[in-house]
Amino acid sequence: MTLLRSRLPQEAADYATAALPRVLATAYRFTGNRADAEDLAQDTLTAVLTKWERVRQADSVDAYVRTMLVNRFLSMKRHSSHEVVSLAPLDPSRVSPPSLDDWNPDHDTMWAVLRTLPARQRAVLVLRYYEDLPDDTIAAILGCAPATVRSLAFRALGALRLKTTDGLTRERIG
(Lines give C-alpha, C1' and ligand atoms only; values in the text may rest on other atoms or scores of the structure.)
Protein backbone atom coordinates (compact mmCIF):
# COMPACT_ATOMS: atom_id res chain seq x y z
CA MET A 1 0.00 0.00 0.00
CA THR A 2 2.90 2.39 0.68
CA LEU A 3 4.18 1.90 -2.85
CA LEU A 4 0.77 2.75 -4.29
CA ARG A 5 0.31 5.64 -1.87
CA SER A 6 3.68 7.14 -2.83
CA ARG A 7 2.57 7.38 -6.49
CA LEU A 8 -0.77 8.98 -5.66
CA PRO A 9 -1.28 12.69 -5.27
CA GLN A 10 -1.80 13.51 -1.60
CA GLU A 11 -5.16 15.05 -2.53
CA ALA A 12 -6.40 11.67 -3.84
CA ALA A 13 -5.21 9.78 -0.78
CA ASP A 14 -6.82 12.35 1.53
CA TYR A 15 -10.09 12.19 -0.38
CA ALA A 16 -10.21 8.37 -0.28
CA THR A 17 -9.49 8.35 3.45
CA ALA A 18 -12.21 10.93 4.17
CA ALA A 19 -14.76 9.33 1.81
CA LEU A 20 -14.34 5.75 3.03
CA PRO A 21 -16.95 5.91 5.86
CA ARG A 22 -19.55 7.52 3.55
CA VAL A 23 -18.88 5.13 0.68
CA LEU A 24 -18.92 2.13 3.03
CA ALA A 25 -22.22 3.20 4.61
CA THR A 26 -23.88 3.62 1.22
CA ALA A 27 -22.40 0.34 -0.03
CA TYR A 28 -23.80 -1.39 3.06
CA ARG A 29 -27.23 0.04 2.34
CA PHE A 30 -27.03 -1.35 -1.20
CA THR A 31 -25.72 -4.80 -0.32
CA GLY A 32 -27.18 -5.40 3.14
CA ASN A 33 -24.07 -7.17 4.36
CA ARG A 34 -20.75 -5.90 5.57
CA ALA A 35 -18.44 -8.18 3.57
CA ASP A 36 -20.05 -7.30 0.23
CA ALA A 37 -20.18 -3.63 1.26
CA GLU A 38 -16.46 -3.62 2.03
CA ASP A 39 -15.71 -5.24 -1.34
CA LEU A 40 -17.91 -2.74 -3.18
CA ALA A 41 -16.44 0.25 -1.32
CA GLN A 42 -12.87 -0.94 -1.88
CA ASP A 43 -13.52 -1.60 -5.57
CA THR A 44 -15.08 1.84 -6.00
CA LEU A 45 -12.34 3.74 -4.14
CA THR A 46 -9.65 1.83 -6.01
CA ALA A 47 -11.24 2.97 -9.26
CA VAL A 48 -11.43 6.53 -7.89
CA LEU A 49 -7.72 6.49 -7.10
CA THR A 50 -6.70 5.04 -10.46
CA LYS A 51 -8.86 7.58 -12.32
CA TRP A 52 -8.17 10.49 -9.97
CA GLU A 53 -7.26 12.99 -12.69
CA ARG A 54 -10.66 12.52 -14.33
CA VAL A 55 -12.55 12.31 -11.01
CA ARG A 56 -11.11 15.53 -9.61
CA GLN A 57 -12.26 17.48 -12.69
CA ALA A 58 -15.93 16.67 -12.01
CA ASP A 59 -18.23 19.45 -10.83
CA SER A 60 -18.85 17.47 -7.65
CA VAL A 61 -16.34 14.77 -6.75
CA ASP A 62 -18.77 13.24 -4.22
CA ALA A 63 -21.53 12.98 -6.83
CA TYR A 64 -19.11 11.43 -9.32
CA VAL A 65 -17.96 8.87 -6.74
CA ARG A 66 -21.58 8.10 -5.77
CA THR A 67 -22.34 7.44 -9.44
CA MET A 68 -19.32 5.14 -9.67
CA LEU A 69 -20.54 3.28 -6.56
CA VAL A 70 -24.07 2.83 -7.93
CA ASN A 71 -22.78 1.68 -11.33
CA ARG A 72 -20.45 -0.84 -9.72
CA PHE A 73 -23.28 -2.13 -7.51
CA LEU A 74 -25.65 -2.54 -10.46
CA SER A 75 -22.90 -4.17 -12.52
CA MET A 76 -22.08 -6.52 -9.65
CA LYS A 77 -25.74 -7.57 -9.39
CA ARG A 78 -26.07 -7.94 -13.15
CA HIS A 79 -22.96 -10.11 -13.53
CA SER A 80 -23.47 -12.17 -10.40
CA SER A 81 -24.41 -15.69 -11.41
CA HIS A 82 -24.44 -17.19 -7.95
CA GLU A 83 -26.93 -17.04 -5.15
CA VAL A 84 -25.75 -16.72 -1.57
CA VAL A 85 -27.54 -19.13 0.73
CA SER A 86 -27.24 -18.60 4.46
CA LEU A 87 -27.08 -21.77 6.50
CA ALA A 88 -27.22 -19.93 9.80
CA PRO A 89 -29.65 -17.30 11.09
CA LEU A 90 -28.61 -13.66 10.81
CA ASP A 91 -26.19 -12.74 13.59
CA PRO A 92 -26.27 -8.95 14.15
CA SER A 93 -22.87 -9.02 15.90
CA ARG A 94 -21.21 -10.39 12.72
CA VAL A 95 -23.18 -8.48 10.10
CA SER A 96 -23.69 -4.99 11.40
CA PRO A 97 -23.94 -1.62 9.73
CA PRO A 98 -20.74 0.41 9.42
CA SER A 99 -21.72 2.52 12.44
CA LEU A 100 -23.40 1.41 15.64
CA ASP A 101 -25.32 4.70 15.54
CA ASP A 102 -27.16 3.33 12.49
CA TRP A 103 -28.10 0.08 14.23
CA ASN A 104 -31.72 -0.70 14.93
CA PRO A 105 -32.97 -4.29 15.41
CA ASP A 106 -35.87 -3.59 13.04
CA HIS A 107 -33.30 -3.10 10.27
CA ASP A 108 -32.72 -6.88 10.11
CA THR A 109 -36.28 -7.37 8.93
CA MET A 110 -36.09 -4.42 6.55
CA TRP A 111 -32.76 -5.58 5.08
CA ALA A 112 -34.15 -9.06 4.54
CA VAL A 113 -37.07 -7.63 2.56
CA LEU A 114 -34.98 -4.94 0.82
CA ARG A 115 -32.54 -7.57 -0.44
CA THR A 116 -35.35 -9.29 -2.34
CA LEU A 117 -35.84 -6.24 -4.57
CA PRO A 118 -34.17 -5.96 -7.96
CA ALA A 119 -30.91 -3.99 -7.83
CA ARG A 120 -32.22 -0.82 -9.57
CA GLN A 121 -35.26 -0.63 -7.28
CA ARG A 122 -33.05 -1.10 -4.22
CA ALA A 123 -30.63 1.55 -5.51
CA VAL A 124 -33.50 4.04 -5.97
CA LEU A 125 -34.80 3.47 -2.43
CA VAL A 126 -31.34 3.77 -0.88
CA LEU A 127 -30.52 6.95 -2.81
CA ARG A 128 -33.94 8.48 -2.13
CA TYR A 129 -34.51 7.59 1.52
CA TYR A 130 -31.03 7.02 2.98
CA GLU A 131 -28.98 9.45 0.91
CA ASP A 132 -31.91 11.93 0.69
CA LEU A 133 -31.34 12.70 -2.99
CA PRO A 134 -34.00 14.22 -5.25
CA ASP A 135 -35.37 12.23 -8.20
CA ASP A 136 -33.48 14.36 -10.76
CA THR A 137 -30.15 13.53 -9.12
CA ILE A 138 -31.01 9.84 -8.84
CA ALA A 139 -32.01 9.84 -12.52
CA ALA A 140 -28.65 11.37 -13.45
CA ILE A 141 -26.81 8.74 -11.40
CA LEU A 142 -28.78 5.86 -12.92
CA GLY A 143 -28.80 7.33 -16.42
CA CYS A 144 -32.56 7.36 -16.78
CA ALA A 145 -35.49 9.79 -16.71
CA PRO A 146 -36.88 11.15 -13.42
CA ALA A 147 -40.20 9.46 -14.29
CA THR A 148 -38.36 6.12 -14.39
CA VAL A 149 -36.99 6.81 -10.90
CA ARG A 150 -40.52 7.51 -9.63
CA SER A 151 -41.79 4.35 -11.32
CA LEU A 152 -39.00 2.22 -9.82
CA ALA A 153 -39.67 3.71 -6.37
CA PHE A 154 -43.41 3.10 -6.71
CA ARG A 155 -42.88 -0.56 -7.67
CA ALA A 156 -40.29 -1.08 -4.94
CA LEU A 157 -42.49 0.43 -2.23
CA GLY A 158 -45.43 -1.66 -3.44
CA ALA A 159 -43.33 -4.82 -3.21
CA LEU A 160 -42.13 -3.85 0.26
CA ARG A 161 -45.70 -3.23 1.40
CA LEU A 162 -46.80 -6.62 0.11
CA LYS A 163 -43.90 -8.46 1.71
CA THR A 164 -44.14 -6.71 5.07
CA THR A 165 -47.94 -7.05 5.15
CA ASP A 166 -47.61 -10.79 4.41
CA GLY A 167 -45.07 -11.12 7.22
CA LEU A 168 -47.29 -9.28 9.70
CA THR A 169 -50.31 -11.38 8.69
CA ARG A 170 -48.33 -14.61 9.19
CA GLU A 171 -47.12 -13.35 12.60
CA ARG A 172 -50.68 -12.64 13.79
CA ILE A 173 -52.04 -15.95 12.50
CA GLY A 174 -49.08 -18.10 13.56
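In helix α7, the buried residues are A119, Q121, R122, A123, V124, L125, V126, L127 and R128. That makes nine of the twelve residues of α7, and the helix is accordingly described as mostly covered. The model examined here is a predicted one, and α7 offers a convenient check on its helical geometry. With twelve residues at 1.5 Å a residue, α7 (residues 119-130) should span 16 Å, and the 15 Å between its end C-alpha atoms agrees with that value. Just after α7, D132 adopts a positive phi of about 60°.

The wider setting of this helix is easily summarised. The protein chain contains nine helices and zero strands, giving the pattern α-α-α-α-α-α-α-α-α when read along the sequence. Of the 174 residues in the chain, 36% are buried. The exposed area of the protein chain comes to about 10,900 Å², and carbon and sulfur atoms supply 54% of this area. Among the contacts with a separation of 6 or more, 64% are accounted for by residues 24 or more positions apart.

Helix α8 (residues 135-142) comes next, and its buried residues are D135, I138, A139, I141 and L142. These residues lie on the same side of α8, because they cover an arc of only 160° around the axis. The other side of α8 carries D136 and A140, both exposed. Just after α8, a positive phi appears again, this time at G143 with a value of about 70°.

A salt bridge joins D135 of the buried set in α8 to R128, with an N to O distance of 3.0 Å. Which class of accessibility do these charged partners fall into? D135 has a relative accessible area of 17% and is therefore buried. R128, at 18%, is likewise buried. Both values can be read against the cut-off for burial, which is under 20% relative accessible area.

Eight salt bridges are counted in total. One of them pairs E131 with R29, whose closest N and O atoms are 3.4 Å apart. E131 sits in the loop between α7 and α8 while R29 belongs to helix α2, so this pair ties together parts that are 102 residues apart in sequence. The two ends of the bridge fall into separate accessibility classes: E131 is partly exposed at 21%, whereas R29 is buried at 16%. Another bridge links R56 to E53, with the closest N and O atoms 3.2 Å apart. Here R56 has a relative accessibility of 39% and counts as partly exposed, and E53, at 44%, is also partly exposed. Together with E11, these two residues are linked in a network of salt bridges.

E131 also features in the surroundings of T26, a residue of helix α2 (residues 10-31). Leaving aside residues up to four places away in sequence, T26 touches L69, V126 and E131. With a relative accessible area of 6%, T26 is buried. One of its partners, V126, is itself among the buried residues of α7.

Helix α2 contributes to aromatic pairing as well. A pair of aromatic rings is described by the distance of the centres and the angle of the planes. The structure holds two aromatic pairs. In the pair formed by Y15 and W52, the ring centres are 5.7 Å apart and the planes meet at 35°, so the pair is tilted. This pair links distant parts of the chain, with Y15 in helix α2 and W52 in helix α4 (residues 52-55), 37 residues apart. Y15 counts as buried at 15% relative accessibility, and W52 is buried at 4%. For F30 and F73, the ring centres lie 4.9 Å apart and the planes are at 15°, so the pair is stacked. Distant parts of the chain are linked here too: F30 is in helix α2 and F73 in helix α5, 43 residues apart. Both of these phenylalanines, F30 and F73, are buried.

Helix α5 (residues 61-79) also contains M76. Is M76 buried or partly exposed? With a relative accessibility of 32%, M76 counts as partly exposed. The C-alpha atom of M76 is 8.6 Å from that of L40, a residue 36 positions away along the chain.

Key:
Residues numbered from 1 in each chain as written. Predicted model: local features only at pLDDT ≥ 70, side-chain atom pairs only at ≥ 80, totals over all residues. Heavy atoms only, no water. Helix = DSSP H or I, 4+ residues; strand = E, 2+ residues; numbered from the N terminus. Buried < 20%, exposed > 50% of the residue type's maximum accessible area, 1.4 Å probe, protein only. Contact = heavy atoms within 4.5 Å. Areas by Shrake-Rupley, 256 points an atom, 1.4 Å probe, with all protein chains shown as cover. Expected span 1.5 Å × (residues − 1). Arc of directions from axis to C-beta. Phe/Tyr/Trp six-rings, centres within 6.5 Å; stacked < 30°, edge-to-face > 60°. Salt bridge = Lys/Arg side-chain N within 4 Å of Asp/Glu carboxyl O.
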